[in-house]
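Me: Hi! Could you walk me through this one? I'm new to reading structures, so plain words please.

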Amino acid sequence: MSDKNKIAEENYKESMHTPYALSRRYGSLTFEVAVQNVRDALNQMELKVVNHFNLHDHIQENLGKEINRYTILGACNAELALEALSTENKAGIMLPCNVIVQEMDNEGIIEVSVVDPTVTFSLAKNEKLTTMGTKAKERLHQILDHIEKSNVKL
Amino acid sequence: MKYYHEKTLKDASFEEAIQKVTDALKEEGFGILTEIDVKETLKKKLDKDFRPYKILGACNPPFAHIALLAEDKIGAMLPCNVIVQQVNNGVEVAAVDPVASMQAVENEGLSEIAKEIQARLK
């Protein structure tokens, strides 16, 4: 097994938790395919991509600095968003929910991180909103299982 | 801790408020990277009528770069949102308090940056 596959496999089994996001690494995907597969997986979960932002381009254009490719996708489900906004009129501050795709320094390893909406939604200290964050989390975090599968070519 | 700073513009139309916010952010070195028209999206997706409401995603490239070096998954919390919505007595503008939102990250290196950004977004 190549080092690349080994790293990816180890990471695939153990998702990495940070206090605000869940991440997983993949060794079988190119950056472009990973971004597309994240979009497809979000779509399957009825989460629409409302923002697509390439942070690496922004840093390059404004600061002339090179960083690894890094894309931020903002995802939203219209029904959940309406429910959140009806509960708390400033809930837009926590929307959309972000998924980031970044190239790691190990060649060929792509990391996908999904924000934990229970953390962002709990900012408002509104119990109803925190419950909605849990609902959103269930949907969002499932995409990590589908990113690689949707690339399987039989 | 309150997670936003707000101000109501009493004599501005919704469009004027958006322009004012854009100009004010620019003056502080923030570009608007993303814009979501909530009213339009809810109409299109759910056929619901909603008040004028926009979510603007603001980013200051040098700060974003420093934040990223301190915490490589920080993109999950970017950009900083500013919301503009029509309310009864004018147009309300609310900006996220990055000190509150970055607290969740539990990274001390970030809290200094967050404080700087907080001062600028105010």
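**Chain A, then chain B**

Reply: Happy to! From the N terminus on, the elements of chain A run α-β-β-α-β-α-β-α-β-β-α-α. Helices (H or I, at least four residues) and strands (E, at least two) are DSSP runs, numbered from the N terminus. This is a predicted model, where local features need pLDDT of at least 70, side-chain atom pairs count only at pLDDT 80 or more, and totals for chains, interfaces and linings use all residues. Residues are numbered from 1 along each chain as its sequence is written, while chains are lettered from A and ligands numbered from 1 in the order in which they are written.

Me: Okay, how many helices and strands are there in chain A?

Reply: Chain A has 6 helices and 6 strands.

Me: And what share of chain A counts as buried?

Reply: 44% of its 154 residues. A residue is buried if 20 or more other C-beta atoms lie within 10 Å of its own, exposed if 12 or fewer, and partly exposed in between, with C-beta atoms placed from the backbone.

Me: Which residues are buried in helix α4 of chain A?

Reply: In α4(A), residues 78-87, they are A:Ala81, A:Ala84 and A:Leu85. Seen down the axis of α4(A), the buried residues fall within an arc of 95°, so they line one face of the helix. That arc is taken from the directions from the helix axis to the C-beta atoms.

Me: Why would they point the same way?

Reply: An α-helix has 3.6 residues a turn, so residues three or four places apart point the same way.

Me: What do they pack against?

Reply: The buried residues of α4(A) pack against β4 (70-76) and α6 (127-146) of chain A.

Me: Let's switch to strands. Is β5 of chain A largely enclosed or largely open?

Reply: Largely enclosed by the rest of the structure, because 6 of the 7 residues of β5(A), residues 97-103, are buried.

Me: Which strands does β5(A) pair with?

Reply: One is β4(A), which runs antiparallel to β5(A) and is joined to it by 6 bridges. Another is β6(A), residues 110-115, paired with β5(A) in the antiparallel sense over 5 bridges. Two strands pair if DSSP finds at least two bridges between them. As for individual partners, A:Ile72 has A:Ile100 in β5(A) as its bridge partner, and A:Glu103 stands opposite A:Ile110 in β6(A).

Me: What about the turn between β5(A) and β6(A)?

Reply: That hairpin has 6 residues between the strands, and A:Gly108 takes a positive phi near 85° there.

Me: Cool. On to chain B: in what order do its elements run?

Reply: From the N terminus on, they run β-α-β-α-β-α-β-β-α-α. That makes 5 helices and 5 strands in chain B. Of the 122 residues of chain B, 42% count as buried.

Me: How is the sheet in chain B ordered?

Reply: Its 5 strands form an open sheet in the order β1-β5-β4-β3-β2, with antiparallel pairing. β1 (4-9) and β2 of chain B stand at the edges, each with a single partner strand, so one side of each is left without a neighbour in the sheet. Inside the sheet, 6 bridges join β3(B) to β4(B), and B:Tyr53 stands opposite B:Gln85 in β4(B).

Me: I noticed B:Tyr3 at the start. Where is it found, and is it buried or exposed?

Reply: B:Tyr3 is in the segment before β1 of chain B. It counts as buried, because it has 20 C-beta neighbours inside 10 Å. The C-alpha atoms of B:Tyr3 and B:Ala100 are separated by 5.5 Å, although these residues are 97 apart along the chain. Leaving aside neighbours within four places in sequence, B:Tyr3 has contacts that include A:Ile93, A:Leu123 and A:Ala124. Two residues are in contact if their C-beta atoms, placed from the backbone, lie within 7 Å.

Me: How many residues are in contact between the two chains?

Reply: 35 residues of chain B are in contact with 33 residues of chain A. On the side of chain B that touches chain A, the largest share, 5 residues, comes from α2(B). The residues of that side divide into 22 nonpolar, 8 polar and 5 charged. Here Ala, Val, Leu, Ile, Met, Phe, Trp, Tyr, Cys and Pro count as nonpolar, Asp, Glu, Lys and Arg as charged, and the others, Gly among them, as polar.
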